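Here's a quick tour for anyone about to load these coordinates. Have a look at the fold first, and then we'll go through a few spots together.

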Amino acid sequence: TSLFRAHRLHNGRHLGEIQMPWKECNRMDERLRFVARLLDGEKMAVACREFGISRKTGYKIFNRYKEFGVRGLEDRSKSAYRHPNKLPFQIEKAILRIKQQHKSWGAPKIHDKLIKEFPMVKPPAPSTIHVVLDRHGLVKRRKRRRHKAQGTELSEALVPNALWCADFKGQFQLGNRKYCYPLTITDQRSRYLLACEGLESTKEATAFQVFESTFKEFGLPAAIRTDNGIPFASPHALFGLSRLSLWWLRLGISIERIKPGHPQQNGRHERMHLTLKKEATKPASYNFLQQQERFDDFIEVYNNERPHQGLGGLYPGELYTPSAREFFRPEDPQYPLHDRTIKVTRCGRICIGRRKINLSTVFAGQYVGVREVADEIWLVSFLDYDLGFFDRELDKVEPVGKNPFAPKVLPMLSE
């Protein structure tokens with residue numbers, strides 16, 4: 001068919017000879033082959049039997065193709081906290097002393113004073129000095145009209161959709177020797193299993209697709225709790241943020257992260273993983289299509305047939321209701337209280353004239369606000385969060401002294 005010719009997968013001689021035509025293919029290849037057989041006129045029952053899947057799954061795949069075309073066969077879609085550079089305590093102590101003696105002085109003037117007092121020592125950049133002052137509460141911030149979101153480190157959901165929990169269950173090997181990485185999402189209050197998708201990796205691209213599909217079906221939660229692993233967090237990025245978590249913030253979703261080495265902080269979700277492992281992965285299926293069918297069956301039983309002791313014997317489906325907050329495409333943020341709005345480059349830089357100030361590749365393509373807060377000291381903000389400072393000398397953003405996401409994002413390293 002034209003579908004297979006376009007993907008160079010059609011070979012009539014061999015399709016009839018091989019019982020498992022997807023052995024050397026990924027899940028996209030399997031679905032393409034399956035749909036091509038149907039388009040060639042083969043009966044649904046015959047095709048499903050040969051591919052080892054149920055007719056329910058077969059019709060689901062074929063209907064997605066009829067509705068969305070080839071794109072419908074794609075998958076709908078697993079550290080260290082960054083600190084400012086440590087200063088010798090003598091220098092930091094001198095900075096605080098000078099500021100206390102001259103309360104009106106800003107970072108540039110303190111920088112020049114340090115050169116006079118310690119001519120043999122290279123002084124820190126003005127932006128670093130500003131970070132020190134900010135960390136000790138010695139910087140007066142301009143009052144902002146917009147409400148700066150606040151939250152608790154770890155919350156307890158009292159109603160559905162107040163908190164979702166997400167994680168990758170440990171990978172396991174399928175019969176065809178490919179590894180499956182199940183991405184799971186649950187509602188903490190009702191224990192409702194919102195998604196369980198077997199993915200080929202923990203890359204953020206497929207995770208985006210799974211979350212978008214789940215948001216479209218169930219709406220948006222108030223917060224999402226995860227661990228500190230990829231793609232939920234980026235260990236080496238500014239404040240541990242990832243592209244996925246930035247997207248959640250733009251959708252108005254708060255972020256919660258458990259402390260490293262404390263899986264009990266996501267205990268309800270981990271308990272569900274034990275049940276999932278026992279009932280849907282042992283033994284593993286031969287390929288992704290067969291394994292996903294077992295995941296889909298598990299979701300139905302877990303939500304609507306299996307009494308839950310923690311719910312007094314009720315089914316999760318009896319408690320859960322979709323969120324009233326519908327999914328939307330967030331508009332680019334505006335910063336009317338800043339001097340300018342700048343789009344971060346693909347390499348993670350803020351370009352002002354000929355200057356290129358390093359921020360983080362996680363923010364590539366995002367719009368940030370920049371405003372001068374002191375003499376030749378500029379503050380960089382994202383949404384309602386202040387990220388850091390840069391000055392006339394240093395071509396990188398020094399993070400603010402305190403994690404601006406601390407009410408919602410726990411430190412990447414345990415204390």
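What covers the buried residues of helix H4? Keep in mind that this is a predicted model. The cover includes three other helices: H3 (27-39), H5 (55-68) and H12 (288-304). Helix H4 itself runs over residues 44-51, and its buried residues are Met 44, Ala 47, Cys 48 and Phe 51. They span an arc of only 95 degrees around the axis, so they end up on the same side of H4. Just past the end of H4, Gly 52 adopts a positive phi of about 75 degrees.

Now for the nonpolar cores. The largest one has 65 residues, and the members touching the most others are Phe 211, Phe 215, Trp 248, Leu 359 and Phe 363. Zoom in on Phe 363: setting aside neighbours within four places in sequence, its contacts are Leu 238, Leu 241, Leu 246, Val 344, Phe 382 and Leu 387. A separate core of 15 residues lies apart from the largest one, and Met 28, Leu 32, Ala 47 and Phe 62 are among its members. Ala 47 is also one of the buried residues of H4.

On to the sheet. It's an open one with 5 strands, ordered S7-S10-S11-S12-S13 and paired antiparallel. S7 (340-343) and S13 (398-399) sit at the edges with a single partner strand each, so one side of each has no neighbour in the sheet. Further in, S11 (residues 377-382) and S12 (residues 385-391) make an antiparallel pair over 6 bridges. Trp 378 faces Phe 390 of S12 across that pairing.

Two polar residues are worth setting side by side:

| Residue | Where | Relative accessible area |
|---|---|---|
| Asp 167 | strand S1 (residues 164-168) | 7%, buried |
| Arg 177 | loop between S2 (172-173) and S3 (179-187) | 67%, exposed |

Which residues is Asp 167 in contact with, leaving aside its neighbours within four places in sequence? Pro 182, Leu 183, Thr 184, Asp 227, Phe 232, His 269, Glu 270 and His 273 make up that list. With a relative accessible area of 7%, Asp 167 counts as buried because the cut-off is under 20%.

Arg 177, on the other hand, is exposed at 67%. Its C-alpha is 8.4 Å from that of Tyr 286, although the two are 109 residues apart in sequence.

Note on methods
Residues are numbered from 1 along each chain as its sequence is written. This is a predicted model: local features need pLDDT of at least 70, side-chain atom pairs count only at pLDDT 80 or more; totals for chains, interfaces and linings use all residues. Side-chain values use heavy atoms; hydrogens and water are left out. Two strands pair if DSSP finds at least two bridges between them. Helices (H or I, at least four residues) and strands (E, at least two) are DSSP runs, numbered from the N terminus. Buried means under 20% relative accessible area, exposed over 50%, partly exposed in between (1.4 Å probe, protein chains only). The arc is that of the directions from the helix axis to the C-beta atoms. Contact means heavy atoms within 4.5 Å. A nonpolar core is a set of buried Ala, Val, Leu, Ile, Met, Phe, Trp, Tyr and Cys residues joined through side-chain atoms within 4.5 Å.
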